[in-house]
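Work through the exercises below with the model open. Try each task before you read its solution.

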Amino acid sequence: FPFPYTPYLIQERFMAALYSALEAGRVGIFESPTGTGKSLSLICGALSWLRDFEEKKQQEEARLLAREDSGQEGKKRPTSAEPRRPGSDGTAGEPDWVTAFVQRKEERDMVDRLKEEQIRRKKREDRLEKIRHNVQLKYAAKRKRSEEDETKRLLQLSKEVLSEGAGVDVLEQLDHNEEELILAEYESDEEKKMVSGLEEDDDDLEEEHVTKIYYCSRTHSQLSQFVREVQKSPFGKDTRLVSLGSRQNLCVNEEVRRLGALQLINDRCMEMQKNKHEKKSDEEMEGKKRRVSRTVCPFYSYEQMQFLCDEVLVEVKDIEQLVALGRETKACPYYGSRYAIPAAQLVVLPYQMLLHEPTRSAAGIKLKDQVVIIDEAHNLIDTITCIHSAEVSGSQLCCAHSQLLQYMERYRKRLKAKNLMYIKQILYLLERFVAMLGGNVNQNPSCQAVSQTGTVLKSINDFLFQSQIDNINLFKVQRYCEKSLISRKLFGFVERYGGPATAVKTNKENQKLAGLQNFLLTLQQGSDKEGDPPVEAENDQLRTASPLMQIEGFLSALTNANQDGRVILNRQGTVGQSSLKFLLLNPAVHFAKVVEECRAVIIAGGTMQPVADFREQLLTCAGVDPARVVEFSCGHVIPPENILPIILCSGPSNQQLEFTYETRDLPQMMDETGRILCNVCNVVPGGVVCFFPSYEYEKQVYAHWEKTGLLTRLAAKKKIFQEPKKANQVDQVLVEYAKCIKRCSQSGGQMTGALLLSVVGGKMSEGINFSDDLGRCVIMVGMPYPNIKSPELQEKMTWLDKTMPRAAGQAPSRVLIENLCMKAVNQSIGRAIRHQKDFASILLLDHRYARPAIFNKLPQWIRERTQVKPAFGSAFAELRKVRTCILGNS
C-alpha cells in the first residue's frame, strides 16, 4: 500500500483487512484506537482498492472492445433455418438460437455503453487536464465574469434612471411583491419533476456515476481534517474528491445566509431556483400582463457552476476552500459540488446527508454498487434514531395554527381550491394535535393548564385513531408541504406583517405590534452566530418564525410503519410547555437500503466496543446475512508500559466505591472521591481530567467539597476548571486549562498543573484531545448508566425484549443499558492517549467495573493492561511509579 511514511504494523493489518472486505463486498466493523493513524489507513487502504478495481475494470473493457473489433462478425450466428437438436430448448423453453440472439444483443448493448462511457471519460479527462495545465483558461473565465458583472451594473443603473420620477409605479410594484406570498396552483396528481441542480435542457450532460467511495463523519471539522489527510497522502494529487455539505455551510449568497436557520435557507434557495425556471414564461407574458420581478440567485449560473465543478475535480479541496472558490468564481458551491459527484472517486459528506433517504436523493447520491465508509461510527444507532425522530411543542402547534388561519383568511379569494383543501387539512391536524395535549387551539397555550400531567406513549396507529386523523392521507399532506413550499410562504407572510409569533392575541389592535416585536426578537436571536447547540435547538422554533417547518418533520415521522416507532405525549404544566414527540425504535429500517444497495459498507471508529449493538440492532434487523459481516479490531501503537488502567474498588479510608443512584449522594461517598482526587493530584504532574456521570452530580459534589474545605486542599496542587454547559465557552476553558498546565510545568512551584471536572457525554468527552500534559490521568467517577426512568428508554427496552433474542442468558434490555454505559466510558477514557509516545493513567472508580460482563466491554488495548485493585494503597503505589517514570523521561 502506498503510504506517506513507514506504516505501523497495525496500520498494515488494518489496510489489508479493509482491502479484502471491499473486494469481497462485506459489511465491516473496524476498530482502530485514536492515535493509531486510522484516517490514513482508511484513505490508503480504500483508495488502493479503488485504483486496482478501476484498472481491472478498464482491462476488462479493453478486452471486450478488442473482441468486438477483431471481427467477431466472422463467427457463425445461429439462424432460424438451422434444425434444432433434441433437448436444445433453453431453460425457459426458448430455442437455443433465441437465447443466443438475446445474449448477443446484450453483449452488443454493453459494448455500445462501454464505447459511450469511454468517450465521456476521455472528454472529462481532457477538460480537467486543460484546466490543470492551462492557467489562461482561469484568467479567461475570470475576465468573462468581470465583463458580465459590469454589464449587469450598467443595466441596473439604466433601470434606476428610467424609474426616476415614476414614484407611483414603484409603490405599486412594492405592493405587487405580495404576489410572492401566494401559493401557486397545486396539482398533486401530476408527477412534476422536482427542480434539480441542472437546467432542464442540460440533463443529458450528466455523466454516469463512476465507482466511488462515500466517506461520512459526524462533524464539519472531522470532514475537513479527513480531506487534509487525503491532501497529505500519496493519493492527494490524483484523486478526484468532492466535499458535500448543507446549504448552511456552502451557501455564498449573503442575503440567504443571513436567514440563519437551515430550513429557511433551504426554502429560500429552492424558491429562487423556481423563479429561475419560471423566468422564461414570465418573459413571454410581459407584453400581455405586467408581472412581478422575482429574485433569482446570482450564483446559480450553470456555466459558472460547471467551471467550479471542474476546479473541484482537478484539485482536492475541503469545504472552506470550496466556499472561497465559490465566492471567487461567483458560482454556487452547494450545487457546483453536486455536479461533481458522478465523476468523483471520493465523496466526503456528513452523516445526515447519507443516512436520510430524502436528503440523499436530493443531493444526487446514488449508492448502487458503491462503497460507503462511516467513520466515528460509535454513535451510529443514536444518529439514525435522532435523524428520523421529531418533536413539536404545544406553543409551536398553536402558533402555526394561528399563522396559517390568518394567512388563509387574507388570501382566501386568491387561493385555488386544492390549496384551500390542503390548508384546511393542516389546520385540522394542528387542532387535533393540540386536543391530544389537552388544550384548545383557539386559546393562548401559555394560559391553558393541563389537567392530567405526565408522559404517555402510543403506537402510531393508536395515536392516529385517538386524535381522529386516521382518515387523512399524511403522505399526500407531506408531499403537498414539500412541493408547495407552504412553510416558506407562511414565513414570508409573518415577516411582512409581523403576524403573531405566539398563538392567539385577543386584542386586535395590539396584534400587529406584539407579533412584530416577537418576530424582531427571533431575528435578533437568529443573528447570534456563536452559541451552543443545545441552546440553538431551544431557540430554533423562535428563529424559524414559521413553526410549521418543525411540524412538517413530525408529520413526516408519522408515516413510518406502526411497529417501528412510538408517539410520546409529554403533558407538562401548560399546553405551551407540553409536546408531541415521535421516537424511532428500529433504526435498521432506514439503514437497510444503504447495506442492500452498496457493494460494501465499512463502519469504523476509534472505540467501537461493545459491537453487539451494531450486529444485532442494526445489521441483523436490516437483513444482513451474518456471513457478510466481518469484524476487525487492532491494539494501540503505544508500548504497554505507557498506559496504566486501574479499576479501584475502595478509597483511602476503605470505603467501598459503588456509585449507584442510592449511594452516590451519601456524604461519605463524596468525601472518599475527594480524598482519591487529592492523593492523585499530589503525585500526578500536568493535567488531571475527572469525569462525572452528569452535570447535576458534578455540581452537587463540587458544592459539597466547597462546604467541607476539600476544594481548597485540591486547589493548592491543581487549579480547578469546570466544563461549561454552553458550547461557545468550551474553547475558552480549554485554552485557559492548557495555559495553566504549561505555566506550572515551566515555573516548577507548588502548583503542579490543573484539574478539569468534566461530564460523560458532555462537550469534553468526545472530539477533544487531552494529549501529553493535558491528560496525564483520566478519572471516571462511577458508571454513567442512562436514566432508566426515561419513557423513551423504557419503550426502547420493551421493544428490544420483544424483538431480540436473549444473549448469554441476559435480557436484550439489560445488555442495551450496559452497552450505553460502556460506550460512554470508552469514549471518555480514550481521550488521554493520542499518539505513539503519549502516556497516561486511567482510574475507574467503582468495584462494578471488575465484573466480567462489564470488564469485557472495555476496549481490548485497555482491557489487556488493566489492573484490578481492591485497596487504594497498592493503586497509589502504581501511580507513584508512573510519576517516577515521567520525571525520569522529562
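**Exercise 1. Describe how helix 26 and helix 28 pack, and classify their angle.**

Step 1. Take the geometry. Helix 26 covers residues 667–683 and helix 28 covers residues 710–717. Their axes lie 9 Å apart, at an angle of about 15°. Axes are lines fitted to C-alpha atoms, for helices over the stretch in contact, and angles run from 0 to 180 degrees between N-to-C directions. Helices (H or I, at least four residues) and strands (E, at least two) are DSSP runs, numbered from the N terminus.

Step 2. Classify. Angles under 35 degrees count as roughly parallel, over 145 as roughly antiparallel, 65 to 115 as roughly perpendicular and the rest as oblique. Helix 26 is therefore roughly parallel to helix 28.

Step 3. List the contact (heavy atoms within 4.5 Å). Helix 26 contributes D671, G674, R675, L677, C678, C681 and N682. Helix 28 contributes L710, R713, L714 and K717.

Step 4. Sort these residues. Ala, Val, Leu, Ile, Met, Phe, Trp, Tyr, Cys and Pro count as nonpolar, Asp, Glu, Lys and Arg as charged, and the others, Gly among them, as polar. The contact of helix 26 with helix 28 holds five nonpolar, two polar and four charged residues.

A note on the source: this is a predicted model, where local features need pLDDT of at least 70, side-chain atom pairs count only at pLDDT 80 or more, and totals for chains, interfaces and linings use all residues. Residues are numbered from 1 along each chain as its sequence is written, and side-chain values use heavy atoms, with hydrogens and water left out.

**Exercise 2. Trace the open sheet with the order 14-15-13-16-17-12-18, then place helix 26 on it.**

Step 1. Read the pairing. The sheet has seven strands, and the pairing is parallel. Two strands pair if DSSP finds at least two bridges between them.

Step 2. Find the edges. Strand 14 (718–722) and strand 18 (867–869) each pair on one side only.

Step 3. Note the twist. Neighbouring strands are turned by 20° against each other on average, direction ignored.

Step 4. Check one pair. Strand 12 (residues 643–648) and strand 17 (residues 840–845) run parallel and are joined by six bridges. In this pair, I643 stands opposite A840.

Step 5. Add the helix. Helix 26 packs on the sheet and touches strands including strand 13 (686–692) and strand 16 (777–781). The directions of helix 26 and strand 16 make about 175°.

**Exercise 3. Do the same for the open sheet with the order 3-4-2-5-10-1-11.**

Step 1. Seven strands form this sheet, with parallel pairing. Strand 3 (241–243) and strand 11 (629–633) are the edge strands.

Step 2. The twist averages 15° from one strand to the next.

Step 3. Five bridges join strand 1 (residues 27–31) to strand 11. I29 stands opposite E631.

**Exercise 4. Is R566 buried or exposed, and what is it in contact with?**

Step 1. Locate R566 in strand 8 (residues 565–572).

Step 2. Apply the cut-offs. Buried means under 20% relative accessible area, exposed over 50%, partly exposed in between (1.4 Å probe, protein chains only). R566 has 13% relative accessibility, so R566 counts as buried.

Step 3. Look for contacts. Leaving aside neighbours within four places in sequence, R566 is in contact with residues including K458, F582, E795 and W799.

Step 4. Compare sequence with space. R566 and E795 are 229 residues apart in sequence, but 8.2 Å apart in space, C-alpha to C-alpha.
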